[in-house]
Amino acid sequence: MPVLPRFLPGAPRWALALPLVALLAAPSALAARPGSATPPLAALAGGALAAGGLAVVLVWRVRTVPGERSLWARMAVAGLVAPAALLLADVLLALPVPAAVVATPLLWAPVVAFPFAYGGLVRWNRYSTSLADPNDVLNGSAAVLAVVAVLGTVVEHTGGRLADLPWWRLQPLLAQDAALFVVAGTALSMVFLGAMWRDPRTWLVLGAFVVQLSGAAATTLAGGEPVGWTALAGAVGACCLGLAAVLEPAPSSPQPADPTASTVGAFVVIAASTAILVTSALTGSSGFPVWCAAVAATGSSVRLLVNVRELAQLAVSRREALTDELTGVANRRAVLRRVEELCDERSPVVLALLDLDKFKEVNDGLGHSAGDDLLRLVAARLGPALAPSDVLGRLGGDEFAVVSRVPGGQAPTERAELLGRLLCDRLAEPFEVGGLSLHVTVSIGLACSDGATGAPGGAGRALLLRQADAAMYDAKRTGAEVAVYDSSRHGDSSGHLALVEELRHGLSSGQFVLHHQPQLDIASGRPVGVEALVRWEHPTRGLLGPAEFLPLAEVHGLMGALTDTVLCQAVAQAAAWRRAGHDLRVSVNLSASNLLDTGLPGRVAGLLADHGVPPSAIVLEVTESVLLSDPDRSLTVVAALAALGTTVSIDDFGTGYASLTYLRQLPVAELKLDRSFTADLLTDARAAAIVSSTIGLAHQLGLRVVAEGVEDAATLADLRLLGCDESQGYLHSRPLPADRLEQWLAARPVPAVLG
């Protein structure tokens, strides 16, 4: 059931009665003497009442209702022109001036009010307007002049009563008709803008100007003599406009300003003006219409040039909005738009996501400018290899995307495999960056849709993105360069994106905690330290171990924040234990990305100073493969950490391919034997030999040896005979929260091996 229009709260309804009084006074205009150009006093009084009531309503609307102020403020100014013209006409009536002079202010009033009314309508229900001419007055004025030229030409060639009028009496008549005609046409265009046809105020504003146009036209056709309909039309128009100002607006959709609309208007004005100029040239006529046509054509030409410049700027802005500033290829917005377009068209499509491996190392080791150069080189190499219809884009960071429409006759999966191999081949050759030759490895995830069964629009786009990202993550995790999405293998992993966002939230909301596994001196059985192991207290999944989130943190650049969280908690806990009388070292694991973070030593030093913990109380563990895979670049960070006085430990020693030269050069102070050796120590002679030789080598290098994975007393006894320094494993305790570890320390029995 349609809702009836309602008045705005506090609307001055009494002011709306004044135009109604004017309606009663208007018929007295019929008493005017035929042939007289003097407006009847009753008509002037009625017009004054209508204009006064309208002015009050519009001023109230502007002052008390901020919505659509750009429209009603200009309408208020336009509404004040009529009372001023009536007042001036009333003054002229008392003076000994010709009757035609008395009517002049009334005839020119619509022309004076035109820029304000037209500008308000142009700004109504629009987000923004032209920067060069926000009210579009230049185009509107040119349109008025063009209409004046057309009317003047018609009068000149048809003759009649108007043709006998002097130009100074004729032109005001034509000018007011032209001004009201353009305003009424602009009001009519509002009906088709953003569902404005549903708003009754639109029709009231349109009716107001159409009625006023009809009244002005009646005066013109009467040879410039006011008729009864002139005053009546003014009062009716004031009623409509005032009523529109006090009604509540109906729902509508604001629209952005469109330069093409004013461009079309400029073309129409230029065409009409040119037709007048051609007609005058052929007929040999001249005069005011010709001048109006010439000025109108000039004004619209200027406006057209402004529009062309604005459209060119708009094209540049749209291109920039869809282009990655660094590489010049499409940006994330353009890539997603292309995927959505193909999904809407139900076209077979392949989406490839590319992530450069270890790109952070390039930024950290060579600087961000070198990283930017590498991204530009990657984009420049991939672009020429793609089909013209393919879209290459950069989603952000070191992640690229390729959107490819599958050619007819080719299966989407076949196209995905070919595209993956093509991209890998293009990146196989090294890049010259900063004077160095860099080999870039990449992880590529591909997802495809046959178009017929895929979801359309935004849903299809989101699905392809999830699938391609899941495949890309699988390629990075497994070390494969390319992975095509397979629902049987990647169906569960597609949810890791949500887990990544939860990981970000968990880091900022304190969901990560530490569990501590004790380390004991084998000779004395005394607890000498703990290894801090991070756990995620997930709000819905419960307590998660590191294997469930550490790979995600490393891949998605969150390892730095996670390490900082662990370090903060570990140092704070070490300080608390020292205050409680427990002199325990705390070991913290570092990742590959941490060793390339040159700011890490400074942050560690700050934490130690803030909590009053000596550097020797902190052990920083790095796996052998991470430390020795790029020792030259890791040496700076490791040396800085060792210079603080902290202990650097090689974790899982024996599982990689360690170079003894690097082991001698790197400032490490501890080796941790991997659990795979301790587990087979009693059953495998080769494992026992490796453990024995490793302990001997470490001691000769001045390193402490910690055995991980000790689960039985016999293994511990054998390690004691081999001279191992410390042990860690389930034999002593599982990883425990800090409070439970303190209980374990208080209740710990003396080990049997000491007896």
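A salt bridge here is a side-chain nitrogen of Lys or Arg within 4 Å of a carboxyl oxygen of Asp or Glu. Asp583 and Arg578 fit that description, with their closest N and O atoms 3.0 Å apart. Keep in mind that this is a predicted model. The chain runs to 755 residues, and 48% of them count as buried. Below is a quick tour, by topic.

**Overall build**

- You'll find 27 helices and 16 strands in the chain.
- Take the contacts in the chain with a separation of 6 or more: residues 24 or more positions apart account for 71% of them.
- About 34400 Å² of the chain is exposed, and carbon and sulfur atoms supply 61% of that area.

**Salt bridges**

- Searching the whole structure turns up 18 salt bridges.
- Side chains of opposite charge can pair when their charged atoms come close.
- Back to the opening pair: Asp583 is exposed, at 58% relative accessible area, while Arg578 counts as partly exposed at 36%.
- Arg201 pairs with Asp199, and their closest N and O atoms sit 2.8 Å apart. Both Arg201 and Asp199 are buried.
- That pair doesn't stand alone: Arg61, Glu68, Asp199 and Arg201 are linked in a network of salt bridges.
- Asp357 and Lys476 also form a salt bridge through their side chains, at 2.6 Å from N to O. Asp357 lies in the loop between strand 1 (349-356) and helix 12 (359-366), and Lys476 is in helix 15 (residues 457-478), so this pair ties together parts that are 119 residues apart in sequence.
- Asp357 has 22% relative accessibility, so it counts as partly exposed; the cut-off for buried is under 20%.

**Nonpolar cores**

- In soluble globular proteins, nonpolar side chains tend to be buried together.
- The largest nonpolar core here has 68 residues. Those with the most contacts inside it are Phe512, Phe549, Leu562, Val586, Val588, Leu641 and Leu719.
- Helix 19 (residues 559-579) gives the most to this core, chipping in nine residues.
- What does Val586 touch, leaving aside its neighbours within four places in sequence? Its contacts are Val530, Ala532, Ala570, Ala574, Trp577, Ala617, Ile618 and Val619.
- Apart from the 68-residue core lies another one, of 60 residues. Val65, Ala149, Leu180 and Ile276 are among its members.

**A nonpolar patch on the surface**

- Some nonpolar side chains show up on the outside too: Leu87, Leu88, Val91, Leu95, Val97 and Val101 make a surface patch of about 470 Å².
- Which helix gives the largest share of the nonpolar patch? That would be helix 3 (residues 69-93), with three residues.
- Val91, one of the patch residues, is found in helix 3. Val91 counts as partly exposed, at 43% relative accessibility.

**Cysteines**

- How many disulfides does the structure hold? The tally is zero.
- Two cysteines to look at in the model are Cys343, which counts as buried at 6% relative accessibility, and Cys448, which counts as partly exposed at 24%.

Note on methods. Residues are numbered from 1 along each chain as its sequence is written. This is a predicted model: local features need pLDDT of at least 70, side-chain atom pairs count only at pLDDT 80 or more; totals for chains, interfaces and linings use all residues. Side-chain values use heavy atoms; hydrogens and water are left out. Helices (H or I, at least four residues) and strands (E, at least two) are DSSP runs, numbered from the N terminus. Buried means under 20% relative accessible area, exposed over 50%, partly exposed in between (1.4 Å probe, protein chains only). Contact means heavy atoms within 4.5 Å. Accessible areas come from the Shrake-Rupley method with a 1.4 Å probe; for residues, only the protein chains shown count as cover. Patches are made of residues with over 30% relative accessible area and no salt bridge: like charges are joined within 9 Å, nonpolar side chains (Val, Leu, Ile, Met, Phe, Trp, Tyr) within 5 Å. A nonpolar core is a set of buried Ala, Val, Leu, Ile, Met, Phe, Trp, Tyr and Cys residues joined through side-chain atoms within 4.5 Å. A disulfide is a pair of cysteine sulfur atoms within 2.5 Å.
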